[in-house]
Amino acid sequence: MSSREFILNQIRESCNAEPPVGPNVPLFHKDSFDIVEQFKQSLLIMGGKIIEKGQNDPFEFVKAKLEDVKVICSLVPDIEGNKKLTDNMHPKELQDIDYGVLRASFGVAETGSICLTDQDLLINTLGYLPQHLIVLLDPKQIVENLHDAYARPEWKQIHYGALHSGPSATADIEGVLIRGAQGVRSLSVLLIA
């Protein structure tokens with residue numbers, strides 16, 4: 001057996017092994033507070049925006065935002081896009097998207113973060129290359145803190161996942177904050193089941 005085959009066999013065996021059990025970490029819950037309101041406040045602090053549901057059509061304000069947009073990639077059935085993702089699409093082909101519209105797996109109230117997984121994005125660059133992201137989030141899927149977030153089952157079922165806290169931002173040594181420098185310029189969340 002060659003060294004290459006030996007190494008590949010070792011990798012194959014380790015992939016089939018049961019994953020180790022992690023430590024039992026306390027969750028540090030607060031006594032009582034409005035988890036949805038905390039999420040909204042945290043998201044706003046991080047530069048994100050909340051989109052309110054419309055009276056007649058819950059997507060009314062989202063559709064109004066997208067009215068004059070050139071390229072929209074929507075993974076949400078209720079919101080029509082004009083750029084469809086395909087299985088053989090290269091990730092860099094998403095660079096011309098003005099707005100990406102998708103649903104997040106869950107949110108974190110403590111940080112105002114949303115979790116986007118490979119199942120939510122279909123192509124991972126959908127979370128980074130569009131100019132703007134509109135994310136639908138079920139309020140029942142908001143957890144209190146990062147301890148709860150890492151206890152979620154998604155982390156064991158996915159190949160890729162990222163917590164997004166507002167739009168992309170960077171700051172120089174003098175503390176000048178620039179949003180949208182290396183990723184999405186805006187992140188808007190619509191809380192809807």
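## Overview

Two strands count as paired if DSSP finds at least two bridges between them. By that rule, strands S6 and S11 pair in the parallel sense, over 6 bridges. This is a predicted model.

The protein has 6 helices and 11 strands. Its C-alpha trace spans about 65 × 50 × 45 Å along the principal axes. Of its 193 residues, 40% are buried. The accessible surface comes to about 11900 Å², and carbon and sulfur atoms hold 52% of that area. Take the contacts between residues at least 6 apart in sequence: 71% of them join residues at least 24 apart.

## The five-stranded sheet

One open sheet is built from 5 strands. Their order is S1-S11-S6-S3-S2, and the pairing is parallel. Strand S1 (49-51) and strand S2 (72-74) stand at the edges. Each has a single partner strand, so one side of each is left without a neighbour in the sheet. From one strand to the next, the twist averages 20°.

Now follow the pairings. S1 joins strand S11 (residues 186-191) over 3 bridges, in the parallel sense. Within that pair, Ile-51 has Leu-190 of S11 as its bridge partner. S11 also pairs with S6, where Ile-134 stands opposite Ser-188 of S11. Strand S3 (residues 99-103) pairs with S6 as well, parallel and over 5 bridges. There, Leu-102 stands opposite Val-135 of S6.

## Strand S6

How many residues of S6 are buried? The count is 6 of its 6 residues, and the strand is mostly covered. His-132, Ile-134 and Leu-136 point one way from S6. Leu-133, Val-135 and Leu-137 point the other way. Residues on both sides are buried.

## The four-stranded sheet

Another open sheet has 4 strands, in the order S7-S4-S5-S8. Its pairing is mixed. Strand S7 (142-143) and strand S8 (161-164) stand at the edges. Both edge strands have a single partner strand, so one side of each is left without a neighbour in the sheet.

Strand S5 (residues 113-117) pairs with S8 in the antiparallel sense, over 4 bridges. One bridge links Ile-114 to His-164 in S8.

## Nonpolar cores

The largest nonpolar core has 25 residues. Which of them touch the most other members? They are Phe-39, Ile-114, Leu-126, Leu-137 and Val-189. Helix H2 (35-45), S5, strand S6 (132-137) and S11 each supply at least two residues of this core.

Leu-137 shows some of these contacts. Setting aside residues up to four places away in sequence, Leu-137 touches residues including Phe-39, Ile-114 and Val-189. Other residues it touches include Arg-103, Phe-106, Ile-142 and Leu-191. Apart from the largest core lies another, of 14 residues. Among its members are Tyr-99, Ile-134, Leu-190 and Ile-192.

## The annotated span

In UniProt, an unreviewed entry carries the annotation "domain: LUD" for residues 91-192. This span is 13% helix and 36% strand. The C-alpha atoms at its ends lie 28 Å apart.

## Two leucines

Is Leu-122 buried or exposed? Leu-122 is exposed, because its relative accessible area of 56% is over the 50% cut-off. Leu-122 lies in the loop between helix H4 (118-121) and S6. It has a positive phi of about 65°, although it is not a glycine.

Leu-146 lies in helix H5 (residues 146-150). Why does Leu-146 count as partly exposed? Its relative accessibility is 28%, and partly exposed means between the buried cut-off of 20% and the exposed cut-off of 50%. Leaving aside neighbours within four places in sequence, Leu-146 is in contact with Val-108, Glu-110, Thr-111 and Leu-163. Leu-146 and Ser-113 are 33 residues apart along the chain, and their C-alpha atoms are separated by 9.3 Å.

Conventions. Residues numbered from 1 in each chain as written. Predicted model: local features only at pLDDT ≥ 70, side-chain atom pairs only at ≥ 80, totals over all residues. Heavy atoms only, no water. Axes fitted to C-alpha atoms, helices over the stretch in contact; angles between N-to-C directions. Core = buried A, V, L, I, M, F, W, Y, C linked by side-chain atoms within 4.5 Å. Buried < 20%, exposed > 50% of the residue type's maximum accessible area, 1.4 Å probe, protein only. Contact = heavy atoms within 4.5 Å. UniProt positions renumbered as here; feature names shortened; annotations may be inferred. Areas by Shrake-Rupley, 256 points an atom, 1.4 Å probe, with all protein chains shown as cover.
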